[in-house]
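Visitor: I have the model open and want a quick tour. Where shall we begin?

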Amino acid sequence: MRRVTWRNLVARKVRLFLSAFAIVLGIAFLSGSLVFTDTIGESFDQIAYGTVTDVAVRPETGNGDAIAMSVNREARSIPASVIDEISALPGVERAQGAVNGGGLFVVKKNNRLLGGTGAPTIALNAGRGEPIPNAAGDQMLKWEQGTAPVKDGEIALDARSAEVAGYALGDTVKIALPSDPPILKAKLVGIFGFTSGGLAGATLVLFDDDSAQKYFLDGKDAYSVIQVEAKVGATQREVADQVAKVIPEGTESVTGDSVAEESKDLFDQLLGFLNTFLLVFAGIALVVGTFLIVNTFSILVAQRSRELALLRALGASRRQVSSSVLTEAFVIGMIGSTLGLALGFGLAMLLKVLFSQFGLDLSGTSLVFQTRTIVLAYAVGVLVTMLAAWIPARRAAKVPPVAAMRDEIAMPESSLRWRLLIALLFGFAGAGAMAAGSWLDVPRPIVWVGAGIFGVLMAVALGSPIIATPVLAVFGAIYRVIYRSVGKLAAQNARRNPRRTAATASALMIGLALVTTMSILGASINTSIDKGVEREFSADFIVQNVSGQPFSPEISQKITAVPGVDAVSPAQSIVFKADGTQVFASATDAEQFAEVFELSFASGEAPTADNTIALSESMAESIDRTTGDVVELTFSSGSYDATVTGVYADSNVVGQALVPLSTVTTAGIKRGDTSLAINAVDGTGTRTVRANLERAVGDNPTIVVQDKESYAEAQRSQVNTLLYLIYALLGLAIVIAVLGIINTLALSVIERTREIGLLRAVGLTRPQLRRMVRLESVAIAILGAVLGIGAGLLFGVALQRSFQNDGISDLAIPTGSLAVFVLVSALVGVLAAVLPARRAAKLDVLRAITGE
Amino acid sequence: MEKTVAAHAHELTKTYGKGDAQVRALDGVSIEIYEGEFTAVMGPSGSGKSTLMHCMAALDTPDSGRVTIGSTTLAKLDDKALTVMRREKLGFIFQAFNLVPTLTAEENILLPLSIAGKKPDPKWYANVIEAVGLADRLKHRPNEMSGGQAQRVACARALVSRPKIVFADEPTGNLDSTSGAEVLSFLRRSVDEFGQTIVMVTHDPVAASYTDRVVYLADGRVVSELRHPTAEKVLERMSVVQRRIGV
């Protein structure tokens with residue numbers, strides 16, 4: 001039996017290669033994602049462990065919420081006087097203050113921002129005296145050129161940033177600061193490397209201590225962190241405990257190990273999303289690939305049924321027949337996984353390059369190949385292939401030995417009734433879960449909708465042979481009218497084996513269902529943005545930082561003085577917890593705000609006094625508070641109570657809550673404007689005012705002036721970039737589906753060799769024959785498109801419903817795009833038919849007909 | 001009465017394989033097929049009778065020599081012209097019935113016409129259907145028919161486009177004697193009543209007895225010919241031929 005299996009593999013190289021290719025792509029994606037995320041992880045681990053000192057003293061973090069910490073720029077610091085006390089401790093070798101500042105940008109030579117919205121730019125101080133080494137005992141910075149800055153007007157940059165920005169030692173570097181002055185011009189006096197590998201694209205700017213304190217700590221003689229080096233022989237724990245006794249209240253002493261662990265956890269949290277995101281697409285590719293493999297094996301088994309019957313007649317047991325098929329699957333799975341791993345490695349390299357374009361530079365870290373990646377790739381690849389071959393293998397075993405004697409063999413096929421039943425079960429369960437997620441008040445509705453989508457996809461895939469019949473009948477009617485007998489033949493070929501046609505179409509269906517879902521979501525988001533902007537953007541202009549970072553309040557003062565400007569309302573975005581629920585809020589000056597925005601209040605009014613807050617309707621509902629109630633606001637610096645002054649209709653511009661500007665200072669967050677809403681004096685030309693504003697913002701490339709259109713456009717373009725990325729990833733599923741169609745058609749052509757010979761003998765020309773194959777292919781592709789778009793419409797609407805309160809308020813169905821999808825599918829059908837059609841046309845009539 | 005030549009093969013040669021495995025299937029064979037006649041081509045296995053028919057039917061090309069159908073020389077035609085020639089001038093009946101399984105009997109019969117985008121001549125179509133005796137099975141698919149019925153559908157398909165010549169390759173090879181007789185009587189009738197020209201390859205003396213003329217092939221050449229055959233005469237001539245070539 002083993003020899004028979006092997007011969008079969010060798011004899012059907014091309015077909016097997018095609019089906020193995022589906023596995024190759026799926027596994028490549030899986031292993032590529034794993035290798036890439038492991039590499040990022042490794043890179044961040046190096047950063048996490050390479051940047052901690054033995055012991056660090058820092059302001060107490062309270063709730064160490066990652067998002068809050070990245071949005072709120074905390075100005076809390078530790079007075080420099082503590083350093084002497086710490087240095088005097090018995091276990092301490094040395095202690096030094098460190099400043100960590102954010103919100104700044106290096107302006108490249110071409111006047112663009114370095115990094116932009118990608119990896120952050122971090123301001124550091126050079127330190128007084130020799131810098132404290134990291135916990136491993138190494139200096140963190142490695143000087144390549146020049147020296148550390150010692151006075152105001154001098155800075156040093158990391159080597160990659162200096163290179164990318166185009167600055168050389170001695171050049172004057174422009175830096176956009178979050179404080180005054182907004183643009184700093186400083187001399188580049190040093191260029192350094194980072195001892196523990198790469199910086200993942202982050203930019204480090206080194207200032208002298210006084211300047212760092214001036215720009216990032218409001219000029220206080222204080223530090224963000226006190227770094228402590230332990231004496232030889234003293235453990236981190238011992239030293240941390242000693243230090244804890246002398247530091248002021250509100251600060252904490254932590255070991256380097258636990259800081260590293262914390263930042264590692266934080267990175268993992270952020271990267272977890274990326275990891276899941278990529279793995280979801282790998283999963284989709286594998287599911288689609290599974291369809292392809294099931295189909296290929298089914299067809300191969302059907303074609304070999306006479307041979308299998310012969311084996312049975314010669315005494316092979318059922319088990320031997322089915323295990324022969326499964327062994328083939330195993331071999332294909334192994335080959336596919338191996339190739340997939342290799343391709344995955346390439347993919348990871350490609351991702352590395354791609355992400356470095358977005359600012360996540362990993363050149364300091366080589367690709368990480370974990371044993372787990374290899375094991376998983378083989379396990380998944382082989383398992384999926386064998387699972388896919390299991391049903392055809394069982395069917396193969398059912399071929400009765402007597403079939404070897406018969407001329408025409410009908411494969412034993414399981415009844416469609418069971419399939420329908422299971423499909424209905426999946427369908428109802430899926431639709432139910434989706435409905436629950438969309439309309440009912442269930443926890444984590446998105447999970448319900450997601451599970452529902454999976455259920456419905458399975459139902460459509462399983463039920464597709466039944467759903468396909470009427471669709472293909474329509475094709476038959478249309479084809480017959482347009483293409484006469486060739487059309488009729490094509491349509492009937494497509495209907496000949498509904499399972500095969502449907503399974504082939506299902507692969508495309510899944511891809512298109514997801515693409516449709518995403519396009520509906522995208523269109524809905526865009527419409528929601530447009531409507532939201534239309535509704536709420538009552539200002540004439542808005543001034544923002546390109547990356548959403550707060551900027552110096554000086555700009556707001558400058559702009560107030562611009563001719564033609566009537567009113568300016570500054571706002572700062574902050575994040576906190578209100579009674580334990582995370583809230584994205586805007587801090588504004590109520591009076592200025594009212595001059596520019598009209599917020600419609602369901603009850604009460606905007607907050608003006610200290611310790612007050614207004615809530616959006618949905619937030620008020622979710623924390624069950626209304627006007628007059630008291631909520632507890634929690635920042636990392638502590639908690640305090642605020643009275644609810646009003647509840648307003650949900651607004652994307654304001655966010656979930658509105659607080660007075662005093663809240664920012666109370667919470668210990670550094671003041672900086674996230675946006676300025678500006679009204680022009682009536683009657684002033686918009687263009688003139690805009691030009692004036694741009695002149696006032698000056699040569700600071702971090703600040704952009706937008707009107708209604710460009711604001712909406714900027715918002716949309718963020719969404720669209722993400723959408724295009726998702727489309728690109730889903731494109732993979734489509735590629736696999738196309739392979740599936742090619743495979744099915746090629747196998748069908750082989751199966752129908754004799755028939756094709758006859759058609760040619762009775763006068764079908766080669767072009768007519770090619771058209772016949774092409775039309776069948778187009779029918780399969782459009783069937784997939786119709787099913788996919790139908791399912792996608794359902795999913796899109798359900799998802800929009802479940803996100804209704806999270807910013808996707810309006811449903812939009814991009815009919816134009818959907819029509820394009822159908823057209824593209826038809827094109828896909830035409831393309832997929834090229835090779836099989838050519839093969840069919842090339843068949844030698846005589847040989848085909850005499851069946852040699 | 002001078003007979004009109006419907007098809008003419010002149011000095012055809014055809015060799016398969018290379019070196020030791022070389023087989024000379026046709027060795028300078030020449031034959032004329034007359035209009036309105038039922039011709040049988042007979043010969044032992046490997047005599048080249050199928051190859052001859054395939055070459056004359058524009059399904060295969062000879063290495064040398066010339067085939068003329070009516071006034072057209074096949075060698076000058078490209079694939080497209082050959083296809084049109086098959087579609088319009090030739091009809092085929094195969095041993096394995098070769099019906100399209102997705103089409104009904106009627107659709108199979110009309111296939112050559114519908115491929116060409118033509119409508120059948122209703123009177124002729126009715127004649128053919130009546131002659132094959134399939135009027136009540138027209139809506140059936142091939143898998144719902146017996147072998148004899150399927151082969152009669154194939155016969156009707158070959159005749160429906162009023163071809164100049166019908167080529168039949170062992171049309172009764174897969175049939176029992178009763179079904180075979182039905183098919184052969186139908187072919188005979190189409191010659192007698194419609195004046196159809198038919199060339200049939202067979203090794204069955206009974207089948208050959210339905211024809212007007214039997215041509216014997218051996219080793220790629222015409223070795224003998226018999227007019228107005230009966231089954232006995234055919235058998236007798238076969239044994240003579242076989243003795244002469246030493247089989």
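Visitor: Is strand β3 (residues 38-42) of chain B largely enclosed or not, and why?

Guide: This is a predicted model, in which local features need pLDDT of at least 70, side-chain atom pairs count only at pLDDT 80 or more, and totals for chains, interfaces and linings use all residues. Residues are numbered from 1 along each chain as its sequence is written, chains are lettered from A and ligands numbered from 1 in the order written, and side-chain values use heavy atoms, without hydrogens or water. Strands are DSSP runs of E, at least two residues, and helices are runs of H or I, at least four, numbered from the N terminus. Five of the five residues of β3(B) are buried, so the strand is largely enclosed by the rest of the structure.

Visitor: Which residues cover the two faces of β3(B)?

Guide: Side chains in a regular strand alternate between the two faces of the sheet. Buried means under 20% relative accessible area, exposed over 50%, partly exposed in between (1.4 Å probe, protein chains only). On one side are B:Phe38, B:Ala40 and B:Met42; on the other, B:Thr39 and B:Val41.

Visitor: Which residue is the bridge partner of B:Val41 in β8(B)?

Guide: Two strands pair if DSSP finds at least two bridges between them. β3(B) and β8 (residues 197-201) of chain B pair in the parallel sense over four bridges. In β8(B), the partner of B:Val41 is B:Val201.

Visitor: Which strands of the open sheet in chain B stand at the edges, and why is one side of each left without a neighbour?

Guide: The sheet has four strands in the order β2-β1-β4-β5 (chain B), with antiparallel pairing. Each edge strand has a single partner, so one side lacks a neighbour in the sheet; the two are β2 (23-34) and β5 (72-73) of chain B.

Visitor: Which residues touch the most other members of the largest nonpolar core?

Guide: A nonpolar core is a set of buried Ala, Val, Leu, Ile, Met, Phe, Trp, Tyr and Cys residues joined through side-chain atoms within 4.5 Å. The largest has 147 residues. Helix α22 (residues 766-802) of chain A gives the most to this core, with 17 residues. The residues touching the most other members are B:Leu52 and B:Phe167.

Visitor: Where is confidence lowest in chain A?

Guide: pLDDT is the predictor's confidence in each residue, from 0 to 100. Chain A averages 83. Where pLDDT is low, the predicted coordinates should not be read in detail. With a mean of 59, the lowest spot in chain A is helix α3 (residues 66-71).
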